[in-house]
Structure formats: structure tokens, C-alpha cells
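Here are two short exercises to work through with the structure open beside you. Try each task before you read its solution.

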Amino acid sequence: MKLPYAEPFKTKMVESIRLSSKSERQDWIEKAGYNLFNLHSDQVFIDLLTDSGTGAMSDKQWGALMTGDESYAGSSSYFRLKNTIKSLTGFDYFLPTHQGRAAENVLFSAILKEGDLIPGNAHFDTTKGHIEFRKAHAVDCTVRSAYDTESPDPFKGNIDLNLLEDVLKNNPIEKIPVVIVTLTCNTTGGQPVSMENLKGVYHLTQKYGTRVFFDSARFAENAYFIKEREEAYRNITIREIIKEMYTYADGMTMSSKKDGIVNIGGFIAFKEKDWFEKATTYNIMFEGFITYGGMAGRDMNSLAQGLMEATGYEYLESRISQVAYLGKKLTDYGIPVQKPYGGHAIFVNAGKFLSKVPREEFPAQTLAIELYLEAGVRAVEIGAIMADRDPDTKKNRYPELVMVRLAIPRRVYSNNHMDVVAAALSNIYERRDQITRGVKILKEAPILRHFTVKLAPVEKNTE
Ligand SMILES: *Cc1c(COP(=O)(O)O)cnc(C)c1O
């Protein structure tokens, strides 16, 4: 018999969680304005809101905390992290930031002007927020297959190179300072970008005289998919794949809360010195001196350790197998999810699941609320609420695909927890025809509204 796979780690410390009663949850979600971001964590049983900063650090990472160097300038922890980033990516220049969006803020402050165009593959919400806040435009060039959840395309994070070339060719190139490729593409379901596509994007940016940066939060998971799904890389190690990936980039922004397996942190890295120098001024203003930039020395130390752990094959195999385990369970129950399964999350096709709820009543948010009420599971809406209003017309934007993301924290939950999540969704799926009304917005912020929006259920037959 072939041995089943098991996690390449065991548990050293545990944290208690509790399943509340349904009436408790009803009360809590109402008080939270039907916004799952407003729940207290002890009101949640299984928290799949995000995989960001929610991972479990290893004993070696906790050990690294103790040997962190808190010197204001020239900390040895900074140099340890700098060397780790250099060895993984080849980049010589790096700036620490307190998290990923801070990296975006610093980079875009240095290079973006009003009216610029930033092509990419379905930009992450904070990336788009930072672009639109500066009155620039994020241009989505993702391949079409990404929007068909049943398409078996193994690389639904890819950029459509013809679309990208059209944008580069038909606009003044000085209005396109950078192309952003997100690895993996969270917005389309944690879907990977192939090496061939990264190469193609780089070739185009070189041809038209611009640059490409990778939004790298899940770069290691992306590398794992390249190894699994791109024939030429089957026998290449994860770290060699990562090294090659970054030869096709001019730099990267990083949210270390994902594939850094730390609770907070981020950075920017650059191939060339010019943008590093420009960005340095903003880093010092917004984040801190260049050798800490918003991070404690101990946190840089444990990030350096986390980056090495996150790029190990056995770790990645167990992580991505767990995500696939949940995906397969849901598929077996007939629930429509984005396929192939992504790297960090399963994305439930909420538009299809709750097909009777009109798009104006936010079916994805409605499903996320139902899931919380059913089993205390917290997921997140990736739909029309998150898509914000169009900055020019102020109208609601309705994405083609509206989804509920079940993001799985790294090294935190067991497959028993996954079984609970799947059973809860299956129960809702069985009574899906009775769910015909969704929610309405009572109060919203002008940008990134999903974090703070206040909602109320739309009652049947009333308005
Ligand atoms: C999380 C994330 C960000 C933002 O990073 P924070 O650390 O949350 O500020 C940017 N891009 C991608 C792809 C991310 O996943």
C-alpha cells in the first residue's frame, strides 16, 4: 500500500476554540452589522477569513525571535533577512515594511502619477486601492478561463499576453511605469501563473521599455504549482524555480503574512538601484529607517526563518494538499467551487450556489453570513461588496464571478476542521432554494468598503 501523506510537523502548543450556539451567533452577527470583519474572534469557531498573518510559527521561528537584534541601524536581523531574500530571489536591494500594503504605498508613492495605467492579473484589493487612490487605473489582463470555474486550465492566474501587448502598444509607455503580476492570483481563486507566462510578460515589458513587479504574497505556493503542473519543471527544486521566476521581474512587493509565515511584516525588493533609491525616501517617511522599516528586529529574524520553511517542498505539499482535501469534499457534495483548486483557499462560486439571490443583494456576502450562522465558520466575500463602486461613475461594480473564499491558515487547522466546514456548506446547499433574498448596504466607506460596511438583511417581499 502506498503510504498516505502526513504533515511534516507535529503540534507543540494548542489554542482552545469553541463552537457557540446558533442563537448566540444570530445575535453576534446582527451586532456586527452582518459584516464578518466586525465579529470578535472568540465568536468564531473555525476562522477562514484570511490566511494573512494567521499561520502558526515553528519552534525555529520562535527561537529566532529570541535572537533578534533591535539596533536602530544596521541590525544583524536586517542583514539575515536581506541575505535570505537575495538567496531566494537574486535581488540585491530591499526595504522592510510593516506589511504588504505598506510596500505598495512606498513603491507607488515613488513611481506612480495621476492617470497612469497599471496592467496586471486581477490586482489584489489593497493594490487596486493604492492605484485608484492615486487616480491611476488598474487594467485587468487576466486570461478569460479564470472566470469560468469549470475550466480545467492549470494556470488561471496567467496574463493574456495579447491583451497586455494591446495596452502597452496603444498607450504612451511613460504612462505605464510598471506591470504588476500577482503570485498566486488571489482574486481569481489563488490561481498560479506559469513560468512560461512570467517569461512572456517580462519579454513584453522589455520590448516596450517598462518594468514588471511581482506582488509576491504567495510566491512559494506559485512555485509549487509550476513544479506540479509545468512539465519542464517537474525535476527542478522549489528554490531553483523561485530563483528563475524572479529573473523575469524587476522587483517585488511582499506581504510576509502569507508565504513568510509570520504574523506581521512585508518588504519591497528591487533588481536595480534607481527605484530602490527613490523608494527609500518614502520608506523612511512612512515606515522607518531602511534597516527596519516598520519591523522589529526579532520579526525580521523570524521572517528570514519563515521564508526558508515556506519554500520547502514537504511543507508546500502538505499545505496545498489540505486545500485540495477541502476542495474535493465540497466537489463531492456537488458544491460549485473554482477548479483546479487554488493554493491558499477554496473559492465557492456563490453566484451559482445562491442563484436565486439577485446580484444587487450580494449573494456572496449572503452565503458567508449563512456559513457563519450554520457552524461558526468565518469566510470572506470576494464579490460586489469587495469590488467597490466605480471611482468615476460611483456605480456598484458587479464582477462576473462572485465568490466566498475559504482561506486556510498555514499549519493551523486539521482535516477534521475541514470536514466541519464542508458539512456546514453541504447543509446550506441542501436548502439553497429557500434562500432568495440577500443583504442591503446601510453604510459604506468610499474605498475598500468591505472592511467596514454595515449591512442588513433584505426581508422577503419587502424593501
Ligand atoms: C495580503 C496581500 C497584499 C497586502 O498585504 P498586507 O500584508 O495585507 O498589507 C497585497 N497583495 C497580495 C497578493 C496579498 O495577498
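**Exercise 1.** Find the bridge partner of Phe347 in β12, then place the two strands in their sheet.

Solution. Step one: Phe347 has Arg405 as its bridge partner in β12. This is a predicted model, in which local features need pLDDT of at least 70, side-chain atom pairs count only at pLDDT 80 or more, and totals for chains, interfaces and linings use all residues. Residues are numbered from 1 along each chain as its sequence is written, and side-chain values use heavy atoms, leaving out hydrogens and water.

Step two: five bridges join β9 to β12 (residues 403-407) in the antiparallel sense. Strands pair if DSSP finds at least two bridges between them; helices (H or I, at least four residues) and strands (E, at least two) are DSSP runs, numbered from the N terminus.

Step three: the open, antiparallel sheet has three strands, ordered β9-β12-β11. β9 (345-349) and β11 (380-382) each have a single partner strand, so one side of each edge strand lacks a neighbour in the sheet.

**Exercise 2.** Work out how helix α7 packs against helix α9.

Solution. Step one: the axes of α7 (residues 195-208) and α9 (residues 238-247) lie 9 Å apart, at an angle of about 20°. Axes are lines fitted to C-alpha atoms, for helices over the stretch in contact, with angles from 0 to 180 degrees between N-to-C directions.

Step two: α7 is therefore roughly parallel to α9 (angles under 35 degrees count as roughly parallel).

Step three: Met195, Leu198, Lys199 and Tyr202 of α7 meet Ile241, Glu244, Met245 and Thr247 of α9 (contact means heavy atoms within 4.5 Å).

Key. Parallel < 35°, antiparallel > 145°, perpendicular 65-115°, else oblique.
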